[in-house]
Amino acid sequence: NGKYNKEKRMTNNAQKKPQQEVVEKKVDAVVPLQDYEADAGAGLGGLTNEDLATPRLKILMNGSEELDKDENLKMGQIYNTVTSQTYDGKEGIVVIPCAYQRQYAEWLPVRGKNQPPVNVYDANSDILSKTTRNKDDNKDYLDNGNYIETNANHFVILYDQKTGVGSPALITLKATQLKKSRKWNSMMLNIRIPGSKGPFNPPSFSHMYSLKVKKEDNEKGKWFGWEIDLLGPVTDMELYNEAKVFHKSIASGEVTAKPEQEQTVGSPNPF
């Protein structure tokens, strides 16, 4: 019996050994960081801007579909539609404006979930001249019953103050927030700094801005809106160049804004 038990233990140990070796290989098989660096960008060479989504930064409010999908989200937060990252609305975010585009989106009066616009018109279109303003909902309607929504698209670099890293993003202002867009554009246009030939207006991506969320209201309802303040010039050269490259990609038409169906800012009871 002693001999049998000894052979049995030896057999069991032999059976366990391969399993132990597999576990050891898993622990040791850690990819060194330098390997990642050596293969940087591999597998992504065929991607163009058409294959990528520009993150949209939006304020979550009543009607935002993200609130139905994630119970941890709250109204008044700033939400990144690509990374799903949220930012406290009162603390706000820091951005560098890189380009501006105005669009007119034609929507059906009643539309389904995730239904795209009927048409999208650029800033040179005279489509608004063919509409009639409805005082009840403050929308501009065409004769066919569809309405036109003005989208003020601000392409920005979202600046992470903790890491010092920037990332491209899009902020669309519409409805009651259009006046915020005009104010922001005026702020950028009125900046003057001394130059070799006198004061000049620097590029939009030369300065940083703080964007916070605040409650707003009028006789038709309450909602969350943007509060925009000038912080100061961009002093990091790498960050400046990143914003400049993003600006050029938008100016060349490589990056464009696509209207998104979402809660209309300024509609009744959005919070």
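Within helix H3 (residues 65-69; helices are DSSP runs of H or I with at least four residues, strands are runs of E with at least two, and both are numbered from the N terminus), Glu-65 and Lys-69 lie four residues apart and are thus separated by about one helical turn. In this predicted model, in which local features need pLDDT of at least 70, side-chain atom pairs count only at pLDDT 80 or more, and totals for chains, interfaces and linings use all residues, the two side chains form a salt bridge with their closest N and O atoms 3.9 Å apart; the term denotes a side-chain nitrogen of Lys or Arg within 4 Å of a carboxyl oxygen of Asp or Glu. Residues are numbered from 1 along each chain as its sequence is written, and side-chain values use heavy atoms, with hydrogens and water left out. Glu-65 is partly exposed at 27% relative accessibility, while Lys-69 is exposed at 63%, where buried means under 20% relative accessible area, exposed over 50%, and partly exposed in between (1.4 Å probe, protein chains only).

The search of the whole structure yields five salt bridges. Among them, Glu-66 and Lys-58 meet at 3.3 Å, N to O; Glu-66 is buried with a relative accessible area of 9%, and Lys-58 is buried with 7%. Glu-149 and Lys-174 likewise form a salt bridge, at 3.4 Å from N to O. This pair links distant parts of the chain, with Glu-149 in strand E8 (residues 147-159) and Lys-174, 25 residues apart from it, in the loop between strand E9 (166-173) and H4; both residues are buried.

An open sheet is formed by three strands in the order E1-E2-E3, with antiparallel pairing (two strands pair if DSSP finds at least two bridges between them). Strands E1 (57-59) and E3 (86-87) stand at the edges with a single partner strand each, so one side of each is left without a neighbour in the sheet. E1 pairs with strand E2 (residues 78-80) over three bridges, and the bridge partner of Leu-57 in E2 is Asn-80.

The average pLDDT of the chain, the predictor's confidence in each residue from 0 to 100, is 83, and 77% of the residues score at least 70. Among the elements of the chain, the lowest mean pLDDT (50) belongs to helix H1 (residues 2-28) and the highest (97) to helix H4 (residues 178-189). Over residues 44-52, pLDDT stays under 50, and the model has four contacts beyond four places in sequence for them, a contact being heavy atoms within 4.5 Å. Where pLDDT is low, the predicted coordinates should not be read in detail.
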